[in-house]
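I am opening my notebook to write down, one entry at a time, what I looked up in this structure. I begin with charged side chains and then turn to strands, surface and backbone.

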Amino acid sequence: MEKVTPNTRAQDTDDLEDLFENAPCGYASALPNGRLSKVNRTLSIWTGYSAEQLVGRRFLDLLNIAGKIYYETHFAPLLRMQGFFNEVALDLVRADGTTLPVLVNAVVRRDDSDDIRFIRITIFNASDRRRYEHDLLEARRTADQATAALQDLNLTLEAQVAKRTAQRDRAWRLSQELLVVALPDGIFESVNPTWNELLGWRDEELLGASFVERTHPDDLDAAQAALTDILTRPLTVPHESRFRHMDGSYRWFAWTASFEDGRIYASGRDITVEREQADALRQSQKMEAVGQLTGGLAHDFNNLLAGISGSLEMMQNRMQQGRFQDVERYVAVAQGASKRAAALTHRLLAFSRRQTLDPKPTDVNRLVAGMHEMIQLTVGPGIPVDVVGASGLWPALVDPPQLENALLNLCINGRDAMPSGGRITIEIANRWLDARAARKLDMPEGQYLSLCVTDTGTGMPPEVVARVFEPFFTTKPIGEGTGLGLSMIYGFAQQSGGQVRIHSKVGLGSTVCIYLPRHSGEVDVDDRTAKLAVLPRSVQGETVLVVDDEPSVRMLVTDILEDLGYTAIEAGDSAAGLKVLQSNVRIDLLVTDVGLPGGMNGRQMADAARVSRPDLQVLFVTGYAENAFLGNGHLASGMAVLTKPFPIETMASRIRSMIEGSKAKARRP
Amino acid sequence: MSAIERHNTKQAGTGKTAMVFAHGFGCDQNMWRCVAPSFEDRYRTVLFDHVGAGGSDLSAYDPTKYASLHGYADDVVELSRALGVTGGVFVGHSVSAMVGILATKKAPELFDALVLVCPSPRYIDDADYVGGFSRVQIEELLDFLDSNHMGWSQAMAPTIMGNADRPELGGELTNSFCRMNPDVAKRFARTTFLADNRDDLQGVTARCLVIQCSEDVIAPQEVGEYVHRNLPGSELVLLDATGHCPNLSAPEATIAAIEAFLRGR
């Protein structure tokens with residue numbers, strides 16, 4: 001065992017001093033009067049006061065105001081009476097004014113005669129513990145609140161459940177919609193009273209029944225598909241279907257539904273009135289459109305009829321006056337008006353896309369050049385019309401009269417857009433659309449002819465441009481435009497395999513371009529240039545069968561045929577016509593209407609006749625395009641179409657060429 | 001339950017004259033353990049706990065009643081009458097000094113003499129009046145009491161109470177010399193430190209002794225002098241003792257001062 005030497009005692013003293021000064025708690029000694037006599041470095045560091053500053057002060061001077069009061073009223077008396085106190089929670093106020101939560105122990109040390117030597121005060125840093133306590137208190141407060149809420153809930157739960165159940169029951173009963181719980185196969189399990197109110201059925205008539213039984217037969221497939229879908233995802237976009245009322249009528253419902261836990265939950269809103277209103281609205285819109293159309297047509301036709309009837313009257317006057325040289329003028333005027341009337345009906349049919357197009361390889365340069373003078377006369381002298389043709393222009397495959405109509409229409413539109421004058425430019429060009437250009441124009445790639453009409457007029461805002469191709473859309477007052485012009489051009493261009501595009505800016509004018517597919521081949525000579533004076537006359541007494549239910553047309557055609565030297569046989573319906581065709585009578589050509597009474601249409605009659613006369617030449621003459629009957633423009637060889645009304649010379653040359661063609665064919669080996 | 005039981009009343013001594021000792025805020029009748037026995041040879045000493053303190057009946061605590069010192073004074077009157085006290089001596093410490101003033105004005109026949117140990121009719125300074133605390137300081141005290149429990153941690157005290165691991169702490173709390181329910185303490189602090197009974201000093205007919213200490217943070221010397229000035233015929237003794245509790249820190253001097261006062265009557 002080592003000896004304790006003075007040297008080691010000095011070391012022990014140092015050790016104890018170090019322990020006192022640097023212990024992990026504050027130490028202080030106080031005299032019986034409460035004043036501090038000694039403090040350690042730890043307390044000094046914690047408080048920010050030097051030992052010199054602390055000695056001589058009372059311990060309670062280091063406390064906050066509440067601590068001072070409590071110390072004086074509670075803990076000082078306790079220390080006096082008990083001789084100690086332990087773990088008293090107080091806040092020390094540091095030199096910088098901040099507080100340090102501490103736990104304080106104090107004990108009175110007495111000497112042998114029981115007099116107080118000093119009071120030992122030990123101070124623990126309680127920052128962490130105070131924070132835990134705070135958190136614990138918060139947690140307990142939360143738990144207490146939750147417990148209180150739970151107790152409250154327990155007390156009121158039954159009442160709440162009853163109330164909520166009553167509310168839900170009320171919602172079920174009072175809903176204005178049909179509510180139903182159904183099995184996955186559509187069998188009703190539960191229905192609300194609204195079913196009875198809206199449809200008359202009683203619960204017992206519905207429960208156990210399938211929705212199939214009373215759903216409108218036309219809606220059933222869609223309804224069943226919707227039901228199947230519900231099983232995989234909620235029906236959120238309402239499904240509309242009809243359900244039978246007890247009185248046998250049907251009512252419309254918009255259904256939404258979900259599938260959960262083996263049941264379908266669905267609700268149906270009665271939309272019968274909405275549907276009726278929507279139908280009524282559609283009807284009135286249709287009527288308005290028809291009004292717009294008929295108003296415009298009446299206006300146009302009245303103008304044309306005025307030209308025709310006026311001319312006829314003038315012709316009569318002049319003939320009575322013996323001024324025959326003037327008659328020619330009025331004939332030309334009446335013919336022009338008649339042609340425009342024919343063009344008008346063609347436009348109508350083009351709009352409905354039921355016109356009978358007769359596309360031919362066409363030199364558009366020549367067509368436009370031929371129209372130039374007429375267009376200039378139409379738009380008037382205030383608006384110069386320039387034509388910019390193209391050299392080396394490709395032929396286009398198009399129905400020439402329809403293209404003329406379209407061009408005239410565009411120029412009239414241009415004129416109307418320039419009330420105070422301007423300029424119209426007609427430009428024709430070859431357009432080779434590569435993929436990018438085609439995409440931009442929303443057309444297939446390829447080679448096209450473009451015919452563009454540009455005016456320097458008022459132009460149109462984008463919202464008007466967006467609608468110009470809509471039928472009946474017009475910026476003109478009722479009675480002045482049918483609202484069909486551009487929509488008919490659109491229909492015509494589409495039907496011709498082309499497209500129409502418009503570019504317009506307010507104040508800068510508009511450009512409308514018609515794109516037509518290129519025809520790779522030669523252009524035929526226009527047979528319309530033939531004149532009545534050189535009409536070919538029959539030399540061999542060929543026979544033509546004319547079938548038409550309209551006597552005036554029949555008479556006209558017969559007269560033309562006889563003028564040409566042909567023999568004409570007439571029939572008023574398909575039965576009579578077929579009878580002739582199935583006889584042995586010589587018939588070189590059949591001229592027939594397509595729409596016919598007598599059990600067959602013209603096409604059927606012709607087909608029946610060709611059983612016994614396979615080479616029979618047939619010329620269909622039609623008022624409007626029964627395209628379906630005519631094989632959508634793909635006629636068998638030896639068949640042709642002529643639309644009413646027709647110029648007599650066209651009819652004559654067509655008849656002549658068909659009969660000649662047939663003879664030429666017959667001569668070939 | 002009678003007032004006597006309710007207040008955990010302890011009587012001793014054989015004298016004809018009753019001497020009623022009332023403790024202040026923070027403690028119970030133990031406050032008087034070093035003083036009261038000295039008077040048992042001549043007086044019938046009565047020690048009691050205010051409701052909410054010591055061994056009183058906590059269930060009798062009525063926050064409305066005890067929101068004013070009049071509630072405590074009414075208890076003193078009721079208890080004293082129950083004990084048949086007349087012409088007695090009332091010794092009140094701290095806030096109970098003012099409780100005694102109020103009681104004697106309610107029932108002047110009870111006490112001929114009042115001993116007021118470290119009294120204060122108002123703790124908050126008011127114009128020229130020095131109470132020892134600014135209003136801000138008292139509000140800080142009350143705020144602090146609302147958010148913290150002073151002394152024993154609010155969260156830990158109940159745990160310690162039932163903590164088998166540390167019986168020494170539980171013992172200290174349950175057998176404390178200064179037992180007071182924390183919630184009652186909070187309310188008692190509010191009642192005490194917001195009280196203003198300066199006007200009640202007027203018209204006191206009993207003889208009064210004011211005992212004042214030096215360096216009392218609760219009731220400074222100016223307050224003792226104010227009470228003395230405003231109680232006609234009162235005596236003032238400045239003890240050679242520091243702090244707010246001379247009955248504990250200097251019991252001999254306290255006894256001597258009381259005896260001198262009582263002898264003089």
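## Salt bridges

I first looked along helix H5 of chain A, where A:Arg131 and A:Asp128 both lie, 3 residues apart, which is about one turn of the helix. I keep in mind throughout that this is a predicted model. The two side chains form a salt bridge, and the closest N and O atoms of A:Arg131 and A:Asp128 are 2.8 Å apart. I then checked how open the partners are, and found A:Arg131 partly exposed at 47% relative accessibility, while A:Asp128 is also partly exposed, with a relative accessible area of 40%. The general idea I noted beside this entry is that side chains of opposite charge can pair when their charged atoms come close.

Next I turned to A:Asp219, which forms a salt bridge with A:Arg242, again with 2.8 Å between the closest N and O atoms. This pair links distant parts of the chain, since A:Asp219 sits in the loop between helix H7 (203-206) and helix H8 (220-230) of chain A, and A:Arg242 in strand S8 (residues 235-244) of chain A, 23 residues apart. Are these two residues buried or exposed? I found that A:Asp219 and A:Arg242 are both buried.

In chain B I looked up B:Glu259 and B:Arg42, whose side chains meet in a salt bridge at 2.4 Å, N to O. B:Glu259 lies in helix H10 (residues 251-263) of chain B and B:Arg42 in the loop between strand S2 (18-22) and strand S3 (44-48) of chain B, so the pair ties together parts that are 217 residues apart in sequence. B:Arg42 is partly exposed, with a relative accessible area of 38%.

I also noted a network of salt bridges that links A:Arg35, A:Arg58, A:Asp61 and B:Glu215. When I searched the whole structure, the count over all chains came to 32 salt bridges.

## Strands in chain A

I followed strand S5 (residues 116-125) of chain A, which runs antiparallel to strand S1 (residues 26-30) of chain A and is joined to it by 5 bridges. Within this pairing, A:Ala28 has A:Ile121 in S5(A) as its bridge partner. Strand S4 (residues 99-110) of chain A is also antiparallel to S5(A), and here I found 9 bridges, with A:Asn105 partnered by A:Thr122.

A second group of strands centres my next entry. Which way do strand S12 (residues 385-388) and strand S14 (residues 424-433) of chain A run? They run parallel and are joined by 4 bridges, and A:Val388 stands opposite A:Glu427 in S14(A). S14(A) also pairs with strand S15 (residues 446-455) of chain A, this time in the antiparallel sense, over 10 bridges. In that pairing, the bridge partner of A:Ile428 is A:Leu451 in S15(A).

## Surface and interior

I looked for charge on the surface and found a negative patch formed by A:Asp12, A:Asp14, A:Asp15, A:Glu17 and A:Asp18. One of these, A:Asp14, is in helix H1 (residues 6-22) of chain A and is exposed, with a relative accessible area of 54%.

A nonpolar patch on the surface is formed by A:Leu150, A:Leu153, A:Leu157 and A:Val161, which together have about 320 Å² of accessible area. A:Leu150 lies in helix H5 (residues 127-174) of chain A.

For the interior I chose B:Val76, which has its place in helix H2 (residues 69-82) of chain B. B:Val76 counts as buried because its relative accessibility is 1%, and buried means under 20%.

## Backbone angles

Before this last entry I reminded myself that most residues other than glycine have a negative phi. In the hairpin of S4(A) and S5(A), which has 5 residues between the strands, A:Asp114 takes a positive phi near 70 degrees.

A:Asp261, although not a glycine, has a positive phi of about 50 degrees. A:Asp261 is in the loop between strand S9 (250-260) and strand S10 (263-270) of chain A, and at 77% relative accessibility A:Asp261 counts as exposed.

In chain B, B:Asn8 is likewise not a glycine and has a positive phi of about 50 degrees. I located B:Asn8 in the loop between helix H1 (3-6) and strand S1 (10-12) of chain B, where B:Asn8 counts as partly exposed at 21% relative accessibility.

Terms used. Residues are numbered from 1 along each chain as its sequence is written. Chains are lettered from A and ligands numbered from 1 in the order in which they are written. This is a predicted model: local features need pLDDT of at least 70, side-chain atom pairs count only at pLDDT 80 or more; totals for chains, interfaces and linings use all residues. Side-chain values use heavy atoms; hydrogens and water are left out. Patches are made of residues with over 30% relative accessible area and no salt bridge: like charges are joined within 9 Å, nonpolar side chains (Val, Leu, Ile, Met, Phe, Trp, Tyr) within 5 Å. Accessible areas come from the Shrake-Rupley method with a 1.4 Å probe; for residues, only the protein chains shown count as cover. A salt bridge is a side-chain nitrogen of Lys or Arg within 4 Å of a carboxyl oxygen of Asp or Glu. Lys and Arg count as positive and Asp and Glu as negative; His and the chain ends are not counted. The place of a charge is taken as NZ of Lys, CZ of Arg, CG of Asp or CD of Glu. Helices (H or I, at least four residues) and strands (E, at least two) are DSSP runs, numbered from the N terminus. Buried means under 20% relative accessible area, exposed over 50%, partly exposed in between (1.4 Å probe, protein chains only). Two strands pair if DSSP finds at least two bridges between them.
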